[in-house]
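Please open the model in your viewer and keep the sequence panel beside it. The tour below goes from one selection to the next and says what is found at each stop.

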Amino acid sequence: MKNYTIILLFVFSVLSGINITAQNFPKIIKHGNAYQLIINDKPFIMRAGELGNSNASTVNYMKKCVWENLKKQNINTALVPVYWDLIEPEENNFDFTLVKAAISGGEKNNIKIVFLWFGAWKNSMSCYVPSWIKKDVKRFPRVESKEGIKQEILSPYSQENLKADKKAFCKLMEFIKQNDKNQTVIMVQVENEIAMLPSARDYSKTATLVFKNEVPAALTDYLSKHKNTLTDSLKKYWSGENSGSWEKLFGQSIYAEEIFSAWSFAVYTNEIAKAGKKVYNLPMYANCALNRPGKKPGEYPSGGPLPHLIDIWKAGAPCLEMLSPDIYFGDFKKWTKSYFRDDNPFFIPEHQYDATAGAKALYAIGEYHALGFSPFSVETKQAAFMPPVLGATFEEKTQKGNLTEIPNAYNLIKCVENEITTFNGTDKMRGFLLDTINQRDTIILGGYEIIAKHDNLLGWSAQSKQPGWRTSGAILINTDKDEFMLIGTGIVLNFKSLNKKNNAGILEIKEISTEDGKTIIRYLNGDESHQGRHVRITDGEWGIQKFKLYEY
Ligand code: DGJ
C-alpha cells in the first residue's frame with residue numbers, strides 16, 4: 001500500500017511539474033544548544049557577504065561586479081538588497097527584473113541569496129520608499145522630532161504606511177515563491193536597521209496619543225512571563241506593574257520613550273513578516289545598528305532590536321526568527337554575547353569588511369555556533385572607504401590588513417563544514433578570538449585545560465614586536481576522546497591535565513590540507529610543536545591541524 005502511494009505521488013509530481021522536495025522550505029531548527037539553518041534538508045553554514053547598498057540596482061552592475069568577486073572569496077551566500085522604489089515605481093505597478101536577475105545570478109554561480117527588504121526603513125530613514133509615497137505626506141505620514149519637525153522616516157503608527165509596505169513585501173514574497181524553484185533564496189531580512197532619530201520617540205500627535213494609552217497586554221504578559229531572564233536594562237526600567245501608561249510602567253524618561261518606539265517598530269515589522277510568511281514561509285529576521293557607546297536614546301538610532309531591547313522585540317515580533325547585530329564597533333565579544341540567547345538563532349548579517357573579520361567569522365562559528373557571518377560591501381572590499389571602526393580595540397593599520405582574511409577564513413570553514421555541522425549545538429566546539437588586548441584565553445574542553453595564546457606572545461617573529469597585532473581566531477573541536485581539530489590563524493595552544501597529579505602531553509599533530517580538509521600534509525613535531533610543548537598555527541597562516549593528547 002505504502003509503495004503504491006509513493007509511486008502515485010511520483011507520477012503526480014512528474015506530470016504536474018511539481019518538485020515534491022521543494023515543499024521542504026529553508027528553515028531554522030533548534031539543534032542541541034544552538035540552531036541550524038536547513039536548506040534542501042541539510043544543515044547550511046552561511047559564508048556570507050552583503051552587497052554594497054547600490055550594487056544590486058542594475059542587472060549590468062550585478063553581472064559585472066558581483067558574482068565573480070564573491071566566488072573569489074569563497075562566499076556561498078549573498079545578502080542582496082531589494083529596493084521598494086525600484087520594484088514599485090508607480091503604485092500597484094510592480095517590476096521584479098532585478099529580483100529575477102539576482103535569483104538567476106545566484107543560481108548560476110551556486111550562491112544562495114538572502115534578500116534585504118529595503119522597504120519603509122533603511123538605517124532609520126525612508127530613503128527607499130517610492131516617490132509616490134515620499135511626495136504624499138498626508139496619506140503616508142512621517143515621524144516628528146520633539147521639536148515637531150517632520151523627518152524622512154515613515155511613521156510606524158500609520159495604517160496606510162503599513163498597508164503599502166505590506167502589499168509590496170507580499171508581492172516580493174510571491175515573486176520569490178514562484179520563481180525560485182531550487183531554494184536559491186534562503187532567508188529574508190525585513191527592513192534594514194529600523195530605528196528612530198533624532199528623538200527617542202515619534203512626537204507626532206498620533207504617536208503621542210498612543211504613548212498616553214495603556215501598554216498593551218501582549219507586552220506586559222511577556223514581561224511577567226520572562227521576568228527572571230529580562231535584560232538588565234529592562235529589569236531596571238520596568239516597574240513590575242502590569243497595567244498603565246508607558247510612563248507609569250517604565251518611568252518618565254527617554255528610556256521609556258525608547259521602549260515605546262521599540263514596541264511600535266516591532267509590532268509593525270511583525271505585521272510585515274507575518275503577511276509575507278503567509279505567502280512564502282522563509283526564515284525572516286531584523287538587523288540592528290548598535291548603540292554607540294556613551295550616547296543616549298535619540299542620540300543613537302533608537303528603538304531597533306538593540307541588545308537592551310531584545311525582549312521588547314521578541315514580545316512584539318514573534319514572527320521573526322532572529323534579531324541580529326550589525327557590528328561596526330570594537331568590543332566584538334561584548335556585542336555577540338548579548339545576541340547569543342536560547343530564544344535567538346545567532347547570525348551576524350553585517351560586519352565592517354576589515355582585517356579582523358576573518359578571525360571573527362571563525363570565532364562566531366566556533367563559540368556561538370552561528371548560522372553564518374557576513375561582512376558588508378563584500379564585492380568591493382570597501383574597508384578603505386568606510387568610516388573607521390569605533391572602539392579601542394583595533395588600530396587603523398590593523399583594520400585594513402591585506403583583506404585576504406575573509407577568503408582565507410571562508411576557505412577553512414568550507415573545508416571543515418561537515419565537522420562544524422556535526423558538532424554544532426554540542427559543548428565540544430569552541431572558538432577563540434585574540435588580539436593585542438585580549439592576548440590569551442583558557443577553556444576546559446575534552447577533559448583538558450586548554451590555554452590559547454596569540455602567536456605573537458611567543459615573541460619569535462618580527463611582527464610580534466610591532467604594535468597592533470593581527471587579530472587571531474580559531475575553532476577548536478573535540479572530535480573524539482583525546483582527539484581535537486584546530487582550524488584558524490595565529491594561535492598557540494598549551495595543555496594541562498585536569499588531574500593535578502598528571503601532565504598532559506601531545507601524542508601526534510597532523511597538518512591537514514586546506515584544499516579538502518582531509519589529506520594529511522605533514523606530521524608536525526620537533527620545532528613545529530616546540531619539541532612537544534604546543535600546537536601552533538603561526539600568525540599570517542590559515543591552517544587546519546588534528547592532534548591527539550595523552551596524560552602521563
Ligand atoms: C549599515 C547598513 O545596514 C548598511 O546598509 C550600510 O549602510 C552600512 N551600515 C555601512 O554604511
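**From the domain interface outwards**

Across the interface of domain 1 and domain 2 the rule finds 1 salt bridge, a term that stands for a side-chain nitrogen of Lys or Arg within 4 Å of a carboxyl oxygen of Asp or Glu. This is a predicted model, in which local features need pLDDT of at least 70 and side-chain atom pairs count only at pLDDT 80 or more, whereas totals for chains, interfaces and linings use all residues. Residues are numbered from 1 along each chain as its sequence is written, and side-chain values use heavy atoms, with hydrogens and water left out.

Select E367 and R430 next: they form a salt bridge in which the closest N and O atoms are 3.0 Å apart. Between domain 1 and domain 2, 4 residue pairs are in polar contact, both residues being at pLDDT 80 or more; such a contact is a pair of N or O atoms within 3.5 Å, where, within protein, one must be able to donate a hydrogen and the other to accept it, and residues adjacent in sequence count only if both atoms are side-chain atoms.

Now colour α13 (332-339) and α14 (357-368), each of which supplies at least two residues of the side of domain 1 that touches domain 2; helices are DSSP runs (H or I, at least four residues) and strands likewise (E, at least two), numbered from the N terminus. The largest share of that side, 8 residues, comes from α14.

For the wider view, colour domain 1 (28-388) and domain 2 (429-551) separately, with bounds that come from an automatic or database domain assignment. Their centres, taken over C-alpha atoms, are separated by 37 Å. The contact (heavy atoms within 4.5 Å) takes 12 residues from domain 1 and 14 residues from domain 2.

About 1,100 Å² is buried between the two domains, and carbon and sulfur atoms give 69% of this area; buried area is the accessible area (1.4 Å probe) that two parts lose on being put together, summed over both. Select A359, L362 and E367, which supply 44% of the area that domain 1 buries against domain 2, more than any other three residues.

Move on to E257 and R201, whose side chains meet in a salt bridge (4.0 Å, N to O). E257 lies in helix α11 (residues 254-279) and R201 in the loop between β9 (185-192) and α7 (205-212), so the pair ties together parts that are 56 residues apart in sequence. The loop between β9 and α7 also holds P198, which a cis peptide bond joins to L197, with omega about -5°.

Then centre on N110, in the loop between α4 (97-108) and β6 (112-122), where phi is near 60°, a positive value in a residue other than glycine.

Finally, colour by pLDDT, the predictor's confidence in each residue, from 0 to 100: the chain has a mean of 93, and 92% of its residues reach 70 or more. Over residues 388-398, however, pLDDT stays under 50.
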